[in-house]
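Here are some notes for a first look at this structure. Please read them with the model open.

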Amino acid sequence: MNALSTRRTRLVDSPPRLVRTAVLTLAGCLALILVRHLLLSLSSSRAIEHPIGQLLRQAEQKHGDYLSRRSTSLREAYDLYLERNGRPPPAGYAEWYHASQKVEACNVDEFQQMQRDLEVWWAVPPAEIRDRTDALGGIHALGRVRTRLGKVVSWKEMGGESVLRGSPSEARTALEGMLEVLATKWGVKLPDVDMFVNELDEPRVLISYEARTSLEKAAKRKTVRKFVSEDPDFKGQGSESAWEFMRRACPPSSAARRSSLSTKAGESALVTQKYTSKFSSPTGGFLADPDLERTSWCDQPDLQNLHASFMRPISIHWTKQLFPVFSNSKLHGYNDILIPAWFYWDDHLNYFEDEDTDFKRKANKVFWRGSNTGGRSVGLNWQGWLRSRLVSKLNRPADWAHSETVILADADNKIVQATLPTTTFNEQLADVAFSSTDDWGDESSLESQKKEPSFRFTGRIPFRTNYESKAIFDLDGTAYSGRFVTLMRSQSATFKSRLYIEANEGLLIPWYHYVPISVRLQEVYSVLGYFFGVRQVVNAILDLGKPKLSERTIANAMRGVAHEVELKKIAERGADWARDCARKEDQLSYVYLLVLEWARLLSDDREKASFVLESGEGVL
């Protein structure tokens with residue numbers, strides 16, 4: 001008789017008390033199994049959903065909300081403008097709307113940034129604006145664009161009329177070219193305006209928080225201050241850090257104004273999550289609100305060590321006075337008025353479809369090449385620059401023996417964590433390096449960049465190499481990145497990290513058209529892990545035999561699934577945005593409206609220079 005038979009016999013032959021004990025023991029085992037099952041069920045139900053899944057859904061909802069509120073007639077566009085701005089649109093608005101509709105302009109509603117740029121000027125007398133404009137004729141790196149009697153006055157014609165033209169530049173010529181197209185090809189009778197265009201990458205006008213808010217409050221009350229006359233005073237950076245003079249744009253109670261200044265900005269920069277809770281997910285630190293990250297830098301004093309524009313910009317030449325300067329990009333707090341970037345208008349960097357390849361044939365990697373632009377290299381300040389930190393992070397030497405906990409998602413989009421060595425992670429999922437150092441800075445400082453062990457330099461490569469990977473990084477340089485639109489046109493998804501603001505962003509939705517990455521870069525590995533998974537990382541480690549991974553780490557890593565379908569959707573939507581919303585026609589529509597707005601501000605009768613749509617009109 002086998003053991004199992006013997007056990008059964010003994011159970012049957014046992015005295016009644018022992019039988020009851022056995023039955024109770026069996027019941028207890030069943031109860032324990034049931035409790036364990038319930039606990040597992042509860043644990044599963046309480047498992048945290050991966051934040052990126054939520055962010056993707058929210059982005060789709062935001063896009064859907066925009067489609068539902070998008071105006072479909074002049075009346076709807078007019079009413080929306082009136083509701084948002086508390087005033088009617090400028091004279092010529094109807095003609096602008098119909099012209100924009102004719103060329104199928106992507107955006108006819110979302111111009112909040114333009115209105116923010118212009119808000120302070122509503123509290124300034126028109127004659128003063130004209131006076132301040134004329135005063136810019138002798139300022140370094142500013143060039144005049146002029147229209148009269150519906151036409152553009154050329155650079156040569158202005159010279160013949162002894163008009164103070166300022167400096168010629170590609171940025172100035174681009175705006176003049178846009179207005180010329182509006183006048184000659186769109187048939188627009190341009191209003192009389194003068195606009196001085198900034199030829200530097202960096203913005204130029206930074207009035208104090210107190211001055212700006214005073215003007216904004218006056219504008220909301222529809223009051224205009226008395227005429228103030230002053231000569232423009234633009235200056236270079238001097239010995240102070242950019243952060244020191246930029247924080248004057250922040251509220252007195254802000255962390256930027258109250259915090260101590262870094263004595264060696266950028267050196268041994270510390271990345272912290274202390275100031276990110278308002279715009280990042282609680283788990284993983286994924287960038288939930290990129291706009292808030294950019295506009296709340298006054299509440300992030302650590303940024304003085306984490307972005308070159310807060311340290312020592314290359315060509316800063318700024319004023320603390322309010323003067324009308326039109327720039328291609330800016331940081332929040334600056335008072336420059338944004339115009340579409342000349343780099344895009346001139347097709348400086350073209351996308352050629354035959355150089356691209358299908359998404360499925362691309363490498364499961366994020367790619368970036370570029371020079372270490374951003375600021376003037378002094379001492380070791382380059383350690384804190386955005387591009388420096390990205391290249392260093394994704395090229396850590398093997399002997400640094402660094403690991404990072406990656407937030408993955410399982411098949412149910414629930415969080416799974418795995419701690420993996422970053423050296424192997426970088427080799428398998430990233431191809432990020434410098435093509436070269438930049439040429440701006442002290443010779444010894446530039447030389448120290450070349451010796452940094454976590455930097456990799458490859459020399460220049462064909463731009464089409466970007467398209468060989470499924471994801472491409474795009475980063476701030478000295479200001480905006482001129483390659484952004486070109487990358488968005490490709491079949492790869494764009495990972496974007498930036499603080500700079502540009503003009504034509506009204507319909508650009510993060511996590512829908514592109515993947516936003518914080519300027520602290522702390523979530524990079526988890527973003528890569530979410531979209532690509534980490535199986536190839538783990539397999540590479542197992543093939544090499546080191547470092548030793550625990551069975552639990554391997555199991556968790558293998559539970560993390562790739563989300564390439566979602567990444568492909570982002571790539572496709574980004575390409576749609578670039579094709580439909582970043583055309584020259586869209587830039588022209590933006591400039592057309594901006595010129596109408598600016599002409600009204602210059603008019604001595606702003607009410608008369610407005611457009612009023614009577615009830616029942618504009619239904620088409």
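1. Start with a contact of Glu202: its side chain makes a polar contact with the side chain of Ser315, at 2.6 Å. This is a predicted model, and the distances below are computed from it.

2. The Glu202 side chain also reaches the backbone nitrogen of Ile314, at 3.4 Å. Glu202 itself sits in the loop between β3 (193-198) and α10 (209-220).

3. Which side chain of opposite charge is nearest to Glu202? That is Arg204, 7.7 Å away. A salt bridge needs a side-chain nitrogen of Lys or Arg within 4 Å of a carboxyl oxygen, and Glu202 has no salt bridge although it is buried.

4. The second largest pocket holds about 790 Å³ of space. Its lining is made up of 28 residues, and those closest to the pocket centre are Phe343, Ser371, Thr373, Arg387 and Arg483.

5. Two of the elements can be placed in that lining: α14 (342-345) and β6 (363-371) each supply at least two residues. The largest share comes from β6, with 3 residues. By class, the lining of the second largest pocket has 11 nonpolar, 10 polar and 7 charged residues.

6. Helix α15 (residues 386-393) deserves a separate look. It is largely enclosed by the rest of the structure, because 8 of its 8 residues are buried. The buried residues of α15 include the charged Arg387, Arg389 and Lys393, along with Leu386, Ser388, Leu390, Val391 and Ser392. Arg387 was named above among the residues closest to the centre of the second largest pocket.

How values were computed
Residues are numbered from 1 along each chain as its sequence is written. This is a predicted model: local features need pLDDT of at least 70, side-chain atom pairs count only at pLDDT 80 or more; totals for chains, interfaces and linings use all residues. Side-chain values use heavy atoms; hydrogens and water are left out. On a 1 Å grid over the protein atoms alone, a cavity is a set of points where a 1.4 Å probe fits but cannot get out, and a pocket is an open set with protein on both sides within 12 Å along at least five of seven lines; lining residues have an atom within 4 Å of a point. Grid points are joined across faces, edges and corners, and a volume is the space filled by probe spheres set on the points. Helices (H or I, at least four residues) and strands (E, at least two) are DSSP runs, numbered from the N terminus. Buried means under 20% relative accessible area, exposed over 50%, partly exposed in between (1.4 Å probe, protein chains only). Lys and Arg count as positive and Asp and Glu as negative; His and the chain ends are not counted. A polar contact is a pair of N or O atoms within 3.5 Å; within protein, one must be able to donate a hydrogen and the other to accept it, and residues adjacent in sequence count only if both atoms are side-chain atoms.
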